[in-house]
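Q: Could you take me slowly through one strand of this model, beginning with a single pair of residues and widening the view from there? I am new to the structure, so please explain each term as it comes up.

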Amino acid sequence: MADSHHILWQQAVVDAVSDVAENIRRIVLRPERPCAIRPGEHVDVRTTIEGEQHVRSYSVVNAADDGTHLALSVFRTPTSRGGSVFMHSLQPGQRLEITQPLQNFPLRIGAPSYVLLAGGIGITAIAGMAALLRRLGADYRLVYVARSRDAMAYLDDLAAMHGDRFEAHIDAEGVPLDVRALVGSAPEDAEFYMCGPIRLMDAVRRAWTERELEPTNLRYETFGNSGWYEAEPFTVRIPRLGVETHVGSDESVLEALERDGVDMMSDCRKGECGLCQVKVLELAGRIDHRDVFYSDRQKEPNTKMCCCVSRVVAAEPGTVLTPRPTILTIDVP
Ligand code: FES
């Protein structure tokens, strides 16, 4: 899904910060080279974590028409790899390095109708699309899902802006989303845009495939950090290269191998493009596939994985324990 793009770095100044939901902070930036921003675009932010430079991607929630101000909203994850902690520490007047807007998740204008689905912080990628479709007078439906009201950024604003085109599904209030019903009710020629946790997107993909809807009408953006299991530390080995390294619960296999000097291929780093796939040679435990690149059938034999997001866990909860630490033996292209 990653579009090719030319990356231009620039300085930006933090203009304002505010908390917009539990663990979610809105950060308004003034880029030094403003440009108009389209729905679905994000910026990459360069952060320094424990002396090492990292790049993190954040969707632009909204922006001034001329791009002089743009707002990000950052969820501080319990297993933060440092990026969200850094972002939450920003204060007005501080400078940081960001890219010009990058587009991996374009909204196609002119579809007969749209369904937009946001899970949790996924609203950051979807809110701008909904705002544009409203301005264009398009036929759309905006569905926002979360575990609790407190975790939903911009909930009241979205409800007010989109009226009866908007619906919220909140687990804690006994109104969970019925994914099959949502997909089942979408018009056959609707375009469906979603951003949220991998479980939600997997469920939508399954329902979409079952209904035999046009695959290209289902478009998504991933977080790349939400899996089926809690992240655990483990060891990764590449016998051919004589490499053995520790993968902490707050980093990816890709990051751990790069840290050890292994020359790895990657692009999206979000489980979408498949460029970082590795061959699994041996594993005591199971793979927590967190990508949207492979189909369910491709994931099933557990012979390959996208190492920018997918991890391994010791065993299914409640099953016989496998030896710890879990060891993943792979080969790389
Ligand atoms: S780098 Fe794109 S799937 Fe891993």
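**A strand and its surroundings**

A: Thr 235 stands opposite His 246, a residue of strand β14. The model is a predicted one, in which local features need pLDDT of at least 70 and side-chain atom pairs count only at pLDDT 80 or more, while totals for chains, interfaces and linings use all residues. Residues are numbered from 1 along each chain as its sequence is written, and side-chain values use heavy atoms, with hydrogens and water left out.

The strand to follow is β13, residues 234-238, where strands (E, at least two residues) and helices (H or I, at least four residues) are DSSP runs numbered from the N terminus. Two strands are said to pair if DSSP finds at least two bridges between them. Between β13 and β14 (residues 243-247) there are five bridges, and the two run antiparallel. Together they make a hairpin with four residues in between, and in its turn Gly 242 has a positive phi of about 65°.

β13 has another partner as well, since three bridges join it in the parallel sense to β19, residues 327-331. Here Thr 235 appears again, this time opposite Ile 327 of β19. How many of the five residues of β13 are buried? Four of them are (buried meaning under 20% relative accessible area, with exposed over 50% and partly exposed in between, for a 1.4 Å probe and protein chains only), and the strand is therefore largely enclosed by the rest of the structure.

Widening the view, β13 belongs to an open sheet of five strands with mixed pairing, in the order β14-β13-β19-β15-β17. The edges are held by β14 and β17 (304-306), each of which has a single partner strand, so one side of each is left without a neighbour in the sheet. From one strand to the next the twist averages 35°, taken between axes that are lines fitted to C-alpha atoms (for helices over the stretch in contact), with angles running from 0 to 180 degrees between N-to-C directions. At the β17 edge, strand β15 (residues 277-283) runs antiparallel to β17 and is joined to it by three bridges, with Cys 306 of β17 as the bridge partner of Gln 277.

Where does this strand fall in the domain assignment? Bounds of this kind come from an automatic or database assignment, which gives domain 1 (7-101), domain 2 (112-219) and domain 3 (232-329), and residues 234-238 of β13 fall in domain 3. The C-alpha centres of domain 1 and domain 3 lie 29 Å apart.

For context, another open sheet has five strands in parallel pairing, in the order β10-β9-β8-β11-β12. Its edges are β10 (166-170) and β12 (218-222), each with a single partner strand, so one side of each has no neighbour in the sheet. Neighbouring strands there are turned by 15° against each other on average, direction ignored. Helix α2 (residues 123-136) packs on this sheet, touching β8 (114-119), β9 (140-146) and β11, and its direction makes about 150° with that of β8; contact here means heavy atoms within 4.5 Å. Of the 14 residues of α2, 11 are buried, so this helix too is largely enclosed by the rest of the structure, and Ile 123, Met 129 and Leu 133 are among the buried residues.
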